[in-house]
Structures are given as structure tokens and as C-alpha cells.
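Please look over the model below. My notes follow as numbered points.

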Amino acid sequence: MQKSYEKILAWQKAHAFCKSVYHAAETLPFMERYRITGQLCRAAASVPSNLVEGSSRMTPADKRHFYTIALASLDEAHYFLRLAFELNFLPENIYKECSSLAEETSIFIVLLRRALPQKNQVPSHL
């Protein structure tokens with residue numbers, strides 16, 4: 001049975017990004033396991049999980065809050081990818097693939113947030 005959040009394109013992109021980050025993390029040196037790797041994976045997993053939590057909230061303000069956290073986590077994960085790449089811990093092709101997915105994910109989350117009614121906006125069906 002498909003969960004309702006699985007239908008959200010932003011979540012689908014975020015889930016793909018998270019999986020790509022976990023695969024990228026496997027290439028990082030063992031010595032980074034409790035440093036960059038842990039931070040990177042936690043931030044990446046936070047993106048789709050905050051979209052899931054936001055999608056289950058009732059008010060647009062609550063949804064927007066969690067979607068904003070997802071964007072912040074996405075930026076954090078992207079930073080750790082960049083750091084790993086610049087420290088020569090991550091191959092360029094993997095960095096570019098993850099970065100591309102991060103950019104796509106960001107666009108979809110922003111669009112998802114924009115689709116929410118603004119504060120004090122009366123729904124058109126009333």
C-alpha cells in the first residue's frame with residue numbers, strides 16, 4: 001500500500017537524494033565514519049523525513065515549517081558533500097551526481113512550499 005507522502009514529487013526526489021548520499025558515504029574513508037559521514041547521512045535522511053512529517057500536518061503553516069526544515073537539511077547535507085569532495089574524500093562523479101539530485105530536490109521542495117496557501121489567504125472554494 002502506497003503512503004500518501006510517496007505521491008509527493010518533492011519526497012520522491014528527496015528519497016532518491018538520500019539514497020545517493022548513503023551510497024556516496026560508503027566511499028568515504030573509515031576514519032570519517034564518526035565525523036563527516038555521520039553528519040552527512042543524518043542531514044540527508046532529515047530531508048525526506050521532514051517532508052513526511054510536514055505532509056501529515058493539518059495547517060499550511062505547520063506544513064511550511066517542516067518543508068523549510070527539509071530545505072535547511074538539504075543545504076546542510078550538500079555542504080558536507082562539498083566538504084568531502086574538497087578534502088578529496090569523495091570522487092568528482094559521485095559529488096556531481098549527489099549535487100545534481102540536491103538541486104532538483106531543492107526546486108521541488110520550493111515548489112511544494114509555494115503551493116501552500118499563504119497566511120490569511122481564504123481558500124478559493126469558499
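**Notes on the predicted model**

1. Threonine 68 counts as partly exposed, at 35% relative accessibility. The cut-offs explain the label: buried means under 20%, exposed over 50%, and partly exposed is in between. This is a predicted model, so read the value as belonging to a prediction.

2. Where does threonine 68 sit? Threonine 68 is found in helix H3, which spans residues 60-86. Its side chain makes a polar contact with the side chain of arginine 113, at 3.3 Å. Arginine 113 falls within helix H4 (92-114).

3. Serine 56 is a useful reference for threonine 68. The two are 12 residues apart in sequence. In space, their C-alpha atoms are 15 Å apart.

4. Helix H3 also packs with helix H2 (residues 33-55): their axes come within 8 Å. The axes cross at roughly 160 degrees. Angles over 145 degrees count as roughly antiparallel, so H2 and H3 are roughly antiparallel to each other. The crossing of H2 past H3 is left-handed. By class, their contact has 16 nonpolar, 6 polar and 3 charged residues.

5. Please check the backbone at asparagine 88. This residue lies in the loop between helix H3 and helix H4. Its phi is positive, about 60 degrees, although the residue is not a glycine. Most residues other than glycine have a negative phi.

6. Is asparagine 88 buried or exposed? Its relative accessible area is 70%. The cut-off for exposed is over 50%, so asparagine 88 is exposed.

How values were computed:
Residues are numbered from 1 along each chain as its sequence is written. This is a predicted model: local features need pLDDT of at least 70, side-chain atom pairs count only at pLDDT 80 or more; totals for chains, interfaces and linings use all residues. Side-chain values use heavy atoms; hydrogens and water are left out. Helices (H or I, at least four residues) and strands (E, at least two) are DSSP runs, numbered from the N terminus. Buried means under 20% relative accessible area, exposed over 50%, partly exposed in between (1.4 Å probe, protein chains only). A polar contact is a pair of N or O atoms within 3.5 Å; within protein, one must be able to donate a hydrogen and the other to accept it, and residues adjacent in sequence count only if both atoms are side-chain atoms. Axes are lines fitted to C-alpha atoms, for helices over the stretch in contact, and angles run from 0 to 180 degrees between N-to-C directions. Angles under 35 degrees count as roughly parallel, over 145 as roughly antiparallel, 65 to 115 as roughly perpendicular and the rest as oblique. A crossing is left-handed if the near helix is turned anticlockwise from the far one by less than a right angle, and right-handed if clockwise. Ala, Val, Leu, Ile, Met, Phe, Trp, Tyr, Cys and Pro count as nonpolar, Asp, Glu, Lys and Arg as charged, and the others, Gly among them, as polar.
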